[in-house]
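Here is a short round of questions and answers on a single chain. Look over the sequence and fold, then read on.

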Amino acid sequence: MSINKQQAENTFRVGYTQYLDETGRLSESLKHFSVAGVSSELLVEFYRWMLFTRTFDCKAIALQRTGRLGTYASCLGQEAVGAAIGKAMREEDVFIQAYRETAAVLIRGVKPEEILMYWGGDERGMDFQGPREDMPCTIPIASQCCHAVGISYAMKLRREPRVAVVVCGDGATSKGDFYESVNAAGVWDLPLVFIINNNQWAISLPRDEQSSCETLAQKAIAGGVSCEQVDGNDVIACYLKIKAAIDRAREGKGPHLIETISYRLSDHTTADDASRYRDVDNVGEAWQKEPMARLRSLLLNEMIIDNAGIEQLEKACSDEIDAAVARYLAIPPASPATMFEYLYETLPDHYLDQLAQVQNTILQEGEK
């Protein structure tokens with residue numbers, strides 16, 4: 001019995017978008033982008049949130065270095081992606097973060113002190129009081145993509161005009177969870193937007209050793225999901241492309257994947273020393289393309305804001321974060337016994353013994 005196999009030659013193209021270049025110049029007039037929904041007021045708002053996030057980042061690292069915060073993952077150089085996500089989503093949508101999307105979660109209503117609580121080892125920080133259906137930080141790599149599939153499937157079954165947005169890093173695209181999620185999203189035509197924040201480093205593994213694919217975005221094609229690349233240091237391009245993908249998914253036109261090209265200017269976390277594996281010249285080149293400097297140049301060149309206005313924003317952000325840090329440091333620590341609360345519905349005997357030991361120690365400490 002012979003089987004006839006039909007072979008087809010397939011070609012594809014992955015588009016790339018940049019509107020705001022490294023020098024702060026736009027590809028079109030400011031009026032053009034205003035018509036597209038990017039007003040002068042929104043540009044200032046983008047800058048304020050990016051500035052707020054970077055100021056928060058610096059404060060969090062200082063807290064870690066002085067023993068008042070645990071291991072922390074900085075988003076230095078990636079603020080534009082987070083700000084674009086936060087402003088493009090609607091309140092009723094669901095955000096499924098990894099752990100470097102600080103700008104997005106702040107815009108969506110998570111308090112700075114709640115983020116600090118989490119990185120300080122207090123799980124109550126991820127029980128944030130803002131967007132109650134958004135997901136907490138995801139430290140396991142790519143597992144959040146599977147969660148996003150389930151969430152968006154529920155939205156589709158309920159016929160809700162909502163969208164799930166999930167973010168993962170470049171390293172996560174090598175995990176089975178990622179491929180399975182893209183495949184499922186394509187098969188089920190889900191209202192789901194994947195964002196790959198390609199910051200060029202999977203801890204110490206560079207992008208060119210992570211995958212031989214010409215782009216990471218093209219990995220979506222095998223799952224029947226449309227895709228594109230965007231300059232992740234260009235907040236305007238990120239916002240317009242992410243918003244378009246969300247609007248498209250909300251209209252029932254299926255999932256989409258966006259690879260944002262950025263650079264991790266920081267160490268992987270405060271437990272890492274990137275100077276051991278990164279070339280200082282490459283990092284210097286990346287600093288010339290970072291998102292805040294180019295947006296600031298645009299704002300000043302277009303006379304949307306002046307240096308005095310920027311200084312006022314800097315002071316306001318610093319004051320607000322100092323107040324948040326004070327609130328964080330004033331929060332009484334959780335009881336050590338809480339580490340047993342969410343392990344099992346009914347604790348096994350060996351954990352019951354450990355819980356009893358912890359409770360006994362707490363009691364003894366209280367009697368001193």
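Accessible areas here come from the Shrake-Rupley method with a 1.4 Å probe. The model is predicted.

Q: How much area does the chain expose, and what share do carbon and sulfur atoms supply?
A: The exposed area of the chain is about 18,600 Å². Of that area, the share from carbon and sulfur atoms is 50%.

Q: Why is the chain said to be as compact as a globular protein of that length?
A: The chain holds 13 helices and eight strands. For 368 residues the globule rule gives 21 Å. The chain is close to that value, so it counts as equally compact, with a radius of gyration of 22 Å.

Q: What percentage of the residues is buried?
A: Buried means under 20% relative accessible area. Among the 368 residues in the chain, the buried ones make up 50%.

Q: In what order do the six strands of the open sheet run?
A: The pairing in this sheet is parallel. Strand 1 (16-17) and strand 2 (94-96) each have a single partner strand, so one side of each has no neighbour in the sheet. These two stand at the edges. The full order is 1-7-8-4-3-2.

Q: Which residue in strand 8 stands opposite Glu228?
A: Strand 7 covers residues 226-231 and strand 8 covers residues 256-261. They pair in the parallel sense over six bridges. Opposite Glu228, in strand 8, stands Ile258.

Q: How far apart are the centres of the positive and negative side chains?
A: The chain has 37 positive side chains and 53 negative ones. The centres of the two sets are separated by 3 Å.

Notes: Residues numbered from 1 in each chain as written. Predicted model: local features only at pLDDT ≥ 70, side-chain atom pairs only at ≥ 80, totals over all residues. Heavy atoms only, no water. Helix = DSSP H or I, 4+ residues; strand = E, 2+ residues; numbered from the N terminus. Rg over C-alpha atoms; globule rule 2.2 N^0.38 Å. Buried < 20%, exposed > 50% of the residue type's maximum accessible area, 1.4 Å probe, protein only. Lys, Arg positive; Asp, Glu negative; His and termini not counted. Charge placed at Lys NZ, Arg CZ, Asp CG, Glu CD. Pairing = 2+ DSSP bridges.
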